[in-house]
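Here is a short tour of the model, written for someone who likes to check each statement against the coordinates. Have your viewer open and follow along.

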Amino acid sequence: MSARYGTFDLVDSGQRLNHGYNLATNPCPCGSYGVPGGDCVCPPAGIRRYLGRLSGPIRDRIDIELSVRRVSVAHTQAAGQRGITTAEARARVAAARHLAAGRLRATPWRTNAEVSGAWLRQGPCAPPPLVRRPLDAALHRGALTLRGYDRVLRVAWTHADLAGRDRLEIDDIGRALYLKKGATPL
């Protein structure tokens, strides 16, 4: 799970696929716990046992944990709401990757996902103490491991790159911590 990508050999095809990991799970065995309008039939002990199936070391390797709502017909037909298009998203990602590549040009890395934890914490782009204060507090109280700390820094840098900034701000750290801990959407 530490690897960014896994390699899969397709039997008898001579092909090899590289694939990033995405994990998804229901909130409980029946899939209705915490779902607006859902009617969960699972006992509390069953829900705790189900949610505890992902071990600490695996959860530590998850960068972004979010609860998402089920899609409904009302949401798909909402008037006046326009999301970001694929072309717009592609342009934002390209700009963010260009910014990261510029920051990392004197290093062996090109993307935030590749950067070593030691360089993130102590390198020339390490955040100042005031900016990393929430991250240090989470590490101190045991809410994060050092591996989790580094993963939060990578996500924070990605957030800063998407915002077009060349240095981390406390909001980038806050957003990355929010994403790491799986906050439920409003």
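## A buried threonine in a loop

Thr107 has a relative accessibility of 13%, so this residue counts as buried. That fits the cut-off, since buried means under 20% relative accessible area. Keep in mind as you read that this is a predicted model.

Where does Thr107 sit? The residue is found in the loop between helix 4 and helix 5, the latter covering 117-122. If you would like a distance to check, take Thr107 and Trp119: they are 12 residues apart along the chain, and their C-alpha atoms are separated by 9.8 Å.

## The chain as a whole

Stepping back, the protein chain has 8 helices and 2 strands. Their order along the sequence is β-β-α-α-α-α-α-α-α-α.

The protein chain has 186 residues, and buried residues make up 26% of them. Among the contacts with a separation of 6 or more, 49% are accounted for by residues 24 or more positions apart.

## Helix 4 and its two sides

Helix 4 is built from 18 residues. From first C-alpha to last, helix 4 reaches 26 Å, close to the 26 Å expected at 1.5 Å a residue. Which residues of helix 4 are buried? They are Ala96, Ala100 and Arg103. Viewed down the axis of helix 4, these buried residues fall within an arc of 55°, so they line one face of the helix. Turned away from that buried side is a face carrying the exposed residues Arg90 and His98.

Two residues of helix 4 have intermediate accessibility. Gly102 lies in helix 4 and, at 25% relative accessibility, counts as partly exposed. Its C-alpha is 9.5 Å from that of Asp166, although the two are 64 residues apart in sequence. Leu99 also lies in helix 4, and its relative accessible area of 27% makes Leu99 partly exposed. Leaving aside neighbours within four places in sequence, Leu99 is in contact with Asp161, Gly164 and Arg165. Leu99 and Arg110, 11 residues apart in sequence, are 9.9 Å apart from C-alpha to C-alpha.

## Where helix 4 meets helix 7

What covers the buried residues of helix 4 includes helix 7. Two packed helices are described by the angle between their axes and the distance between the axes. For helix 4 (residues 86-103) and helix 7 (residues 146-162), the angle is about 115° and the axes are 8 Å apart. The crossing of helix 4 and helix 7 is right-handed.

On the side of helix 4, the contact is made by Arg92, Val93, Ala96, Leu99, Ala100 and Arg103. Helix 7 contributes Trp157, Asp161 and Leu162. By type, the residues of this contact divide into 6 nonpolar, no polar and 3 charged.

## Helix 7, mostly covered

The 17 residues of helix 7 should span 24 Å at 1.5 Å a residue, which agrees with the 24 Å between its end C-alpha atoms. Helix 7 is mostly covered, with 12 of its 17 residues buried. Among them are Gly148, Tyr149, Asp150, Arg151, Trp157 and Asp161.

What do the buried residues of helix 7 pack against? They pack against helix 2 (56-60), helix 4, helix 5, helix 6 and helix 8 (170-180). Helix 7 is followed by Gly164, whose phi is positive, near 80°.

## Ala138 in helix 6

The place of Ala138 is in helix 6, which covers residues 129-140. With 3% relative accessibility, Ala138 counts as buried. Apart from neighbours within four places in sequence, Ala138 is in contact with Ala143, Leu144 and Leu177. Ala138 and Tyr149 are 11 residues apart in sequence, and their C-alpha atoms are 8.4 Å apart in space.

## Helix 1 and its two sides

Our last stop is helix 1 (residues 44-51), where Gly46, Ile47 and Tyr50 are buried. These residues cover an arc of only 100° around the axis, which puts them on the same side of helix 1. On the other side of helix 1, the exposed residues are Pro44, Arg48 and Arg49.

Note on methods
Residues numbered from 1 in each chain as written. Predicted model: local features only at pLDDT ≥ 70, side-chain atom pairs only at ≥ 80, totals over all residues. Heavy atoms only, no water. Axes fitted to C-alpha atoms, helices over the stretch in contact; angles between N-to-C directions. Helix = DSSP H or I, 4+ residues; strand = E, 2+ residues; numbered from the N terminus. Left-handed = near helix turned anticlockwise from the far one by under 90°. Contact = heavy atoms within 4.5 Å. Nonpolar A, V, L, I, M, F, W, Y, C, P; charged D, E, K, R; others polar. Expected span 1.5 Å × (residues − 1). Buried < 20%, exposed > 50% of the residue type's maximum accessible area, 1.4 Å probe, protein only. Arc of directions from axis to C-beta.
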